[in-house]
Amino acid sequence: MLTEARFVALCRARARLAEPSAPSVAALADEAGLSTGRFIKQFAALHGATPYRYRVRARLARARALLARGDDVTEVCFALGYSSLGSFSDAFTRHVGRRPSAFRRARHTLVSVPGSLSAPGCFCLLGTAQAAISEKQRRDTGARLAP
């Protein structure tokens, strides 16, 4: 049975696993007051992935965001706690489907508007084009309606 305290401990462990300098699974299990095996089983039951898989997914999600922003592949690799560029590239390619450098080159530029979420640049261009078309239609319609 999952107690409230155990639930909080497992959620705290999940948050710590997403950090670049996350402690080992054994250390997290110790903090939660569980054996490593029990911790892994309960973590997987609650979060749908083992701590290792969750850590890899969190790191690679952060890597995709940093690479899409245009950060250097080597800097991203070491910022996320990988010990070598080769291990990072292999993991990234296995999970994302393309090499980090290719992902970075093919990224969609993100445009950030103050007070709103970031959006791919193509959406912003689409909105600008739509506004220009609407303005032109308004002017053309107004010109036809005027005597």
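These exercises work through the helices, cores and contacts of a predicted model.

**Exercise 1. Overall layout**

Task: State how many helices and strands the protein chain has, and in what order they run.

Solution:
- Step 1. Count the elements. The protein chain holds eight helices and two strands.
- Step 2. Read from the N terminus. The order is α-α-α-α-α-α-α-β-β-α.
- Step 3. Check burial. Of the 147 residues in the protein chain, 26% are buried.
- Step 4. Check the range of contacts. Take the contacts with a separation of 6 or more; residues 24 or more positions apart account for 45% of them.

**Exercise 2. The two sides of H2**

Task: Find which residues of H2 are buried, and explain why they lie on the same side of H2.

Solution:
- Step 1. Locate the helix. H2 spans residues 25-32, and its buried residues include Leu28, Ala29 and Ala32.
- Step 2. Look down the axis. These residues cover an arc of only 100 degrees, which puts them on the same side of H2.
- Step 3. Recall helix geometry. An α-helix has 3.6 residues a turn, so residues three or four places apart point the same way.
- Step 4. Turn to the other side of H2. Asp30 and Glu31 are exposed there.
- Step 5. Find the packing partners. The buried residues of H2 pack against helix H1 (4-17) and helix H3 (36-47).
- Step 6. Look just past the end of H2. Gly33 takes a positive phi of about 75 degrees.

**Exercise 3. H1 against H3**

Task: Decide whether H1 and H3 are roughly parallel or roughly perpendicular, and list the residues that make the contact.

Solution:
- Step 1. Take the geometry. The axes are 10 Å apart, and the packing angle is about 85 degrees.
- Step 2. Classify the angle. Angles of 65 to 115 degrees count as roughly perpendicular, so H1 is roughly perpendicular to H3.
- Step 3. List the H1 side. Arg6, Phe7, Leu10, Cys11, Ala13, Arg14 and Leu17 take part.
- Step 4. List the H3 side. Phe39, Gln42, Phe43, Leu46 and His47 take part.
- Step 5. Sort by class. The contact of H1 with H3 has eight nonpolar, two polar and two charged residues.

**Exercise 4. The cores**

Task: Identify the residues with the most contacts inside the largest nonpolar core, and the elements that give two or more residues to this core.

Solution:
- Step 1. Size the core. The largest nonpolar core has 14 residues.
- Step 2. Pick out the residues with the most contacts inside it. They are Val76, Leu80, Tyr82, Phe88 and Phe92.
- Step 3. Assign the elements. Helix H4 (51-69), helix H5 (73-79) and helix H6 (85-96) each give two or more residues.
- Step 4. Find the largest share. H4 gives five residues.
- Step 5. Look for another core. A second, separate one has ten residues, among them Ala13, Leu28, Leu34 and Phe39.
- Step 6. Set this against the general trend. In soluble globular proteins, nonpolar side chains tend to be buried together.

**Exercise 5. H4 across H6**

Task: Describe how H4 and H6 cross, and which residues make the contact.

Solution:
- Step 1. Take the geometry. The axes of H4 and H6 come within 11 Å and cross at roughly 95 degrees.
- Step 2. Classify. H4 and H6 are therefore roughly perpendicular to each other.
- Step 3. List the residues. H4 brings Val56, Leu60, Ala63, Arg64 and Leu67; H6 brings Phe88, Ala91, Phe92, His95 and Val96.
- Step 4. Sort by class. The contact of H4 with H6 has eight nonpolar residues, one polar and one charged.
- Step 5. Follow Phe92. Beyond its neighbours within four places in sequence, Phe92 touches residues including Leu60, Ala63, Arg64, Leu67 and Phe103.

**Exercise 6. Two single residues**

Task: Decide whether Ala58 and Ser89 are buried or exposed.

Solution:
- Step 1. Apply the cut-off. Buried means under 20% relative accessible area.
- Step 2. Take Ala58, in helix H4. At 18% relative accessibility, Ala58 counts as buried.
- Step 3. Compare sequence and space. Ala58 and Ala18 are 40 residues apart in sequence, but 5.3 Å apart in space, C-alpha to C-alpha.
- Step 4. Take Ser89, in helix H6. At 9% relative accessibility, Ser89 counts as buried.
- Step 5. List contacts. Leaving aside neighbours within four places in sequence, Ser89 is in contact with Arg99 and Pro100.

Definitions and conventions:
Residues numbered from 1 in each chain as written. Predicted model: local features only at pLDDT ≥ 70, side-chain atom pairs only at ≥ 80, totals over all residues. Heavy atoms only, no water. Buried < 20%, exposed > 50% of the residue type's maximum accessible area, 1.4 Å probe, protein only. Helix = DSSP H or I, 4+ residues; strand = E, 2+ residues; numbered from the N terminus. Arc of directions from axis to C-beta. Contact = heavy atoms within 4.5 Å. Core = buried A, V, L, I, M, F, W, Y, C linked by side-chain atoms within 4.5 Å. Axes fitted to C-alpha atoms, helices over the stretch in contact; angles between N-to-C directions. Parallel < 35°, antiparallel > 145°, perpendicular 65-115°, else oblique. Nonpolar A, V, L, I, M, F, W, Y, C, P; charged D, E, K, R; others polar.
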